[in-house]
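Please look through the sequence and the model shown below before reading on. The paragraphs that follow lead from one part of the chain to another.

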Amino acid sequence: MKKKYILAIETSCDETSIAIVDQDINVISHVTNTQIEFFKEIGGVVPEMASRMHVDNILYVYDQCLNEAEMTIDEIDAIAVTVGPGLNGSLLIGVNFAKTLSLLHHKKLIGVNHLHGHIHALDIEHDVTYPHMSLIVSGGHTELIYMQTASSYQKIGGTHDDAAGECFDKIARILNVGYPGGPVIDKMAKKGKNTYDLPFPMNDKSLDFSFSGIKTAAYNINNQLLMKNEVLRKNDFACSFQSKVVEILLTKLKAATELYDVKSISIVGGVSANSELKAKAFELFPQLMIPNIKYCTDNGAMIGAAAWIKYNNNEFLDPFSVDANPNLKVGE
Ligand code: KG4
Ligand code: ZN
């Protein structure tokens, strides 16, 4: 039988990414244009600028994706697109592009929750067994999701304030070491020692997280040193901060797996690229899966992988009524 293909579009934040993924979740081609270099200069994403850059880039990314696959749009069976959560303007560029392709070329249209994408990034290189426990750790989200099957998502814990990645980015701003904070702090931590004492907010029996206390403690330590004309030992601070975040994430994930009987566990999203988190998590959970680093941060291939579940369940959208939903939730 002829193979089927989905062309999947991701524009929820500052990456314009399009992939072609076949029905066996092989990534046939995958093209990403990242705006990170531009936003590094500014120190964070400016939503209006991100949307404009998606407009400038999306057609080139689309053409290149089809060229790399040596395919034409006629060979594609469905168009998938991230509909939320994310930045409204950024999401709208992808959604309108997908709508147009769907109407112009008479293709089925699939709307994908960005967080389902992060979870199903696993399907590209792993055989996931269910029930499954996933810890999503990205720039905008920190959530514990219990899954009975590949298409059932139950949120059992989440952050009360900042997301883990957001916290990495804010600490990097205090240390004045650039954006995005995660990769820089990861490198600095390797050169430092865990010498600063930071709090573990919500260190209780709940499966919820809080990171704003760590951020406040960091501001306070920095300000007290400045008043004494002393300087923060940046590498030691990065190391202490990262160790605390890793301890918090793994304590809560362990508690979740003790409460729910699962066959496999995953950590997904941008922060799962963190080297200390990975090393300690694999020691703690032998059945752990983490997507390949190129599928951890935002990308079109993960949207394609998640879209196949909807395709197989016949869950399609009407291109005339589909809209972006920046506040879309998972499993609530
Ligand atoms: O999943 P993602 O690409 O975008 C969102 O959906 O938010 O995650 C981006 C986040 C950023 O906050 C970035 O600092 C963090 O992932 N990140 C890391 C690392 N690489 C990226 N955090 C810690 N360690 C890393 N190596
Ligand atoms: Zn993401």
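Asn-314 has a relative accessible area of 60%, and because values over 50% count as exposed, this residue is classed as exposed. The structure is a predicted model, and in it Asn-314 is found in the segment after helix 10, which covers residues 300-312. The phi of Asn-314 is near 60°, a positive value in a residue other than glycine. Most residues other than glycine have a negative phi, and most peptide bonds are trans. Asn-229 also has a phi near 60°, again positive and again in a residue that is not glycine, and it lies in the loop between helix 7 (212-227) and helix 8. With a relative accessible area of 74%, Asn-229 is exposed.

Two peptide bonds of the backbone deserve a look as well. The bond from Gly-84 to Pro-85 is cis, with omega near -10°, and Pro-85 is found in the loop between strand 4 (78-84) and helix 3. The bond from Tyr-130 to Pro-131 is likewise cis, with omega near 0°, and Pro-131 is found in the loop between helix 4 and strand 6 (132-137).

Helix 2 can be followed from residue 47 to residue 69, and its 23 residues, at 1.5 Å a residue, should span 33 Å, which agrees with the 31 Å between its end C-alpha atoms. Helix 2 nevertheless has a kink of about 40°, centred on Asn-57, and Asn-57 is itself among the buried residues of this helix, which also include Met-53, His-54, Val-61 and Leu-66. The buried residues of helix 2 pack against strand 1 (5-10), strand 2 (15-22) and strand 3 (27-34), and also against helix 1 (36-42) and helix 3 (88-105). After helix 2 comes Glu-70, whose phi is positive, near 55°.

What holds the zinc ion (ligand 2) on the protein side? Its protein donors are His-114 (NE2), His-118 (NE2) and Asp-298 (OD), which lie 2.0 to 2.1 Å from the ion. Along the chain, the donors follow the spacing H-x3-H-x179-D. His-114 and His-118 are four residues apart in helix 4 (residues 114-120), and so they are separated by about one helical turn. An α-helix has 3.6 residues a turn, so residues three or four places apart point the same way. Both His-114 and His-118 are buried. The angles among the four donor atoms of the zinc ion (ligand 2) run from 95 to 140°, and the site is irregular; the upper value matters here because a tetrahedral site would need all angles to lie between 85 and 135 degrees.

The aromatic rings offer another route through the model, with a count of eight aromatic pairs. The rings of Phe-38 and Phe-39 have centres 5.2 Å apart and planes at 80°, so this pair is edge-to-face. Phe-38 is partly exposed, with a relative accessible area of 37%, whereas Phe-39 is buried, at 0%. Tyr-146 and Tyr-260 form a tilted pair, 4.7 Å from centre to centre and with 40° between the planes. This pair links distant parts of the chain, 114 residues apart, with Tyr-146 in strand 7 (residues 142-147) and Tyr-260 in the loop between helix 8 (234-259) and strand 9 (264-268). Tyr-146 counts as buried at 9% relative accessibility, while Tyr-260 is partly exposed at 23%. Finally, ring pairs link Trp-308, Tyr-311 and Phe-316 into a cluster.

Conventions:
Residues are numbered from 1 along each chain as its sequence is written. Chains are lettered from A and ligands numbered from 1 in the order in which they are written. This is a predicted model: local features need pLDDT of at least 70, side-chain atom pairs count only at pLDDT 80 or more; totals for chains, interfaces and linings use all residues. Side-chain values use heavy atoms; hydrogens and water are left out. Donors are N, O and S atoms within 2.8 Å of the metal (3.2 Å for Na, K and Ca); water is not among the atoms, so sites may look incomplete. Four donors count as tetrahedral if all angles lie between 85 and 135 degrees; four count as square planar and six as octahedral if opposite donors are over 155 degrees apart and all others between 65 and 115; anything else is irregular. Helices (H or I, at least four residues) and strands (E, at least two) are DSSP runs, numbered from the N terminus. Buried means under 20% relative accessible area, exposed over 50%, partly exposed in between (1.4 Å probe, protein chains only). The expected span of a helix is 1.5 Å times one less than its number of residues. The bend at a residue is the angle between axes fitted to the seven residues ending there and the seven starting there. Contact means heavy atoms within 4.5 Å. Rings of Phe, Tyr and Trp (its six-membered ring) pair if their centres lie within 6.5 Å; planes under 30 degrees apart count as stacked, over 60 as edge-to-face and the rest as tilted.
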